[in-house]
Amino acid sequence: MGFSFNGIDILSVAPFEIMDVIVSAPSVNESRIRLAAGNRSILTDYQLQQRTIIITGDVKEDDIQRRQEWVASLLAWATAAQEAALIIPQEGRGYFLATCTSFPDMSALEWWSELVFVFTASEPYYRSLADKQIALPNNVQAQGSTSPIIRIEQMVATTLSLPAWYANGGMIQLASVTPGKLVIDFEKQSITLNGTSIQAALSIDSRFWTLAPGINAVTCANGAGGTLFYTERWL
């Protein structure tokens, strides 16, 4: 697949020749303590935030009316989704979750003008194109630059009392689970059974734990188990 957004390759939309792609470094949100003396401060923490991806190109079409039609199709393609997977083939590390935040103004374009699309990724990481999965309990080998996106799915055959999943000092424990498909989505911090929320069954001392790059021991109790799906992320 070439350059694509929301699962649609740009060349299936229009004969668009990409001339330049710029992926910015992540923006940084700093936390500082200002010193009493002088105009100095101490950095205490920072968070990597969004990236900007700028795509510049041209529609390879000499007929003015047909070119305008191609441009209209490109605008519809870029603005069809609020947030979706943006794949940049030359990067090769995965995809961004991004939104098109700036696009050509057709009323201001000359027919020969280059087209510039700006996408904003709400998080700074590439997500791996393919999920990994492993049966639980198990040792999970996670790669990447930061914690992966994770979820647990388990087909529950008989009613479970106080099932629990543990990792890295954290615990997810439910009061009980009846038979059905249980999904614990750590990114959304949601728990469903057969598609219906059972968040109320979550114990008060539970928290949605994370996996770190490296080896993580995930243990289970009281019938808990299932399959862990994880998507690695890279800077």
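## A first look at the strands, core and pocket

Strand β11 lines up antiparallel with strand β22 (residues 227–231), and four bridges join the pair. That's a handy way into this model, which is a predicted one. From here we'll go through two open sheets, a nonpolar core and a pocket.

**The six-stranded sheet**

- β11 and β22 belong to an open sheet of six strands, ordered β11-β22-β13-β18-β19-β20 with antiparallel pairing.
- At the edges sit β11 (132–135) and β20 (196–197), each with pairing on one side only.
- For a spot to look at where β11 meets β22, try Ala 135, whose bridge partner in β22 is Thr 227.
- Further along, strand β18 (residues 180–185) runs antiparallel to strand β19 (residues 190–193), again over four bridges.
- In that pair, Leu 182 faces Leu 193 of β19.
- Four residues separate β18 and β19, making a hairpin, and Gln 189 in its turn shows a positive phi of about 50 degrees.
- β19 then pairs with β20, antiparallel once more, over two bridges.
- Thr 192 has Ser 197 of β20 as its bridge partner.
- This is a hairpin too, with two residues between the strands, and here Asn 194 in the turn has a positive phi of about 55 degrees.

**The four-stranded sheet**

- Another open sheet has four strands in the order β12-β21-β15-β16, and its pairing is antiparallel.
- Its edge strands, β12 (138–142) and β16 (170–173), each pair on one side only.
- On average, and ignoring direction, neighbours in this sheet are turned by 20 degrees against each other.
- Inside the sheet, strand β15 (residues 164–167) and strand β21 (residues 214–221) share three bridges in the antiparallel sense.
- Look for Ala 164 here: its bridge partner in β21 is Ala 221.

**The nonpolar core**

- The largest nonpolar core counts 28 residues, and Phe 16, Ile 53, Leu 74, Trp 77, Phe 117 and Phe 119 have the most contacts inside it.
- Several elements give two or more residues to this core, among them β3 (16–23), β6 (51–59) and β9 (115–121).
- The largest share, six residues, comes from α1, which spans 64–79.
- As a general rule, nonpolar side chains in soluble globular proteins tend to be buried together.

**The largest pocket**

- The largest pocket holds about 150 Å³ of space.
- Its lining includes Ser 147, Pro 148, Phe 186, Trp 209 and Arg 233.
- Gln 189 lines this pocket, and you've already met that residue in the turn between β18 and β19.
- Sorted by class, the lining has six nonpolar, three polar and two charged residues.

Notes
Residues are numbered from 1 along each chain as its sequence is written. This is a predicted model: local features need pLDDT of at least 70, side-chain atom pairs count only at pLDDT 80 or more; totals for chains, interfaces and linings use all residues. Side-chain values use heavy atoms; hydrogens and water are left out. On a 1 Å grid over the protein atoms alone, a cavity is a set of points where a 1.4 Å probe fits but cannot get out, and a pocket is an open set with protein on both sides within 12 Å along at least five of seven lines; lining residues have an atom within 4 Å of a point. Grid points are joined across faces, edges and corners, and a volume is the space filled by probe spheres set on the points. Ala, Val, Leu, Ile, Met, Phe, Trp, Tyr, Cys and Pro count as nonpolar, Asp, Glu, Lys and Arg as charged, and the others, Gly among them, as polar. Two strands pair if DSSP finds at least two bridges between them. Axes are lines fitted to C-alpha atoms, for helices over the stretch in contact, and angles run from 0 to 180 degrees between N-to-C directions. A nonpolar core is a set of buried Ala, Val, Leu, Ile, Met, Phe, Trp, Tyr and Cys residues joined through side-chain atoms within 4.5 Å. Buried means under 20% relative accessible area, exposed over 50%, partly exposed in between (1.4 Å probe, protein chains only).
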